[in-house]
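Colleague: I would like to go through this model with you. Please show it first, then I will ask.

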Amino acid sequence: MMKFEITRQDREALVRQVPEFREPVACLEVHSFECCSDLFSALVQSLVSQQLAVRAADAIFRRLRDRLGGLTADRLLAADFETLRTCGLSGRKIDYLRGIAGAAQSGELDCERLAARSDAEVVSELVKLRGVGEWTAEMLLIFALGRPDVLSYKDLGIRRGIALLLHRDPLSRADFEEFRRRCSPYGTLASLYLWKIKDGGLRPGG
C-alpha cells in the first residue's frame, strides 16, 4: 500500500514559499497517511459517501463490501437492485455505481492506466463518469493516488481555511489561484493544514 509521506523538509519548503503557514506548521499536527491502493474501491466509496455523514457512509460501504464479498466491477454488476438497496444505497447511487462498474468492465475506465496519468488527465477522465464531479476526482488524487500538489477550489473547507489564513473574506477565484501557485508543488500538504485551520484548530492572527 502506498503511503503519502510528509517530511520536515516539505513543511519547511511550504513555509518558505507561503510564510503565512509559519504558525500553522509550528502549532498543528498533520501526519503521513496510507493511500487506498484500489482506485476502483476508492471511487465506489467516494460515491457512496456523497451527501452522507461519515459514520453512515462508512456503515453502508462496509455493508456493500461484505455483501458482495469484495468490491469489483463484476460483482457490482451481478448484484440485483434489491441487494444493493438493502445495503442502504439510493436508487440514484445504484445507477452511478453500475455506470462506473460498466465503464471498468468495458475498459472505458482503466484504473491502472489512470494511475499513470497526470493530475489534470485523471480529473478529466473521471468527471466523464456520471456522479463523479471535480471535487470527488481531486479527493481521489489525494487519498487514493497520493498526488502531492492538489488544492481543490471545489472544497469549501479549503477555501474557508485560505480565507482565515490570509484574512481575506470573501476569497475571489483570482485570490485562490494565486495562493495555489504559491503553494505548488506542496498543494496537498497545504490542503491538510487548511482543513485543520477551517476546523478551528488555529485562528491565524486571532
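Modeller: First, the residue classes. Ala, Val, Leu, Ile, Met, Phe, Trp, Tyr, Cys and Pro count as nonpolar, Asp, Glu, Lys and Arg as charged, and the others, Gly among them, as polar. The model is predicted: local features need pLDDT of at least 70, side-chain atom pairs count only at pLDDT 80 or more, and totals for chains, interfaces and linings use all residues. Residues are numbered from 1 along each chain as its sequence is written, and side-chain values use heavy atoms, without hydrogens and water.

Colleague: How do the residues of the lining of the largest pocket divide into nonpolar, polar and charged?

Modeller: A pocket is an open set of 1 Å grid points over the protein atoms alone, where a 1.4 Å probe fits, with protein on both sides within 12 Å along at least five of seven lines; lining residues have an atom within 4 Å of a point. Here the space is about 640 Å³. Among the 19 lining residues, Gln45, Ser46, Ser49, Val54 and Trp135 are closest to the centre. The split is eleven nonpolar, six polar and two charged.

Colleague: Which helix gives the largest share of that lining?

Modeller: Helices are DSSP runs (H or I, at least four residues), numbered from the N terminus. Helix 3 (39-49), helix 4 (54-68) and helix 10 (134-143) each supply at least two lining residues. The largest share, five residues, comes from helix 10.

Colleague: How many residues of helix 11 are buried?

Modeller: Buried means under 20% relative accessible area with a 1.4 Å probe, protein chains only. Helix 11 spans residues 156-166 and is mostly covered. Its cover includes helix 2 (22-27), helix 12 (173-183) and helix 13 (187-198). The buried count, out of eleven, is eight.

Colleague: Which residues does Ser191 touch?

Modeller: Ser191 sits in helix 13. Ser191 counts as buried because its relative accessibility is 0%. Contact means heavy atoms within 4.5 Å. Leaving out residues up to four places away in sequence, Ser191 touches Val150, Leu151 and Ile158.

Colleague: How many disulfides does the structure hold?

Modeller: A disulfide is a pair of cysteine sulfur atoms within 2.5 Å. The sulfur of Cys183 is 18 Å from the closest cysteine sulfur, in Cys27, so the gap is too far for a bond. Cys183 is also buried, at 0% relative accessible area. The number of disulfides is zero.

Methods. Buried means under 20% relative accessible area, exposed over 50%, partly exposed in between (1.4 Å probe, protein chains only). Grid points are joined across faces, edges and corners, and a volume is the space filled by probe spheres set on the points.
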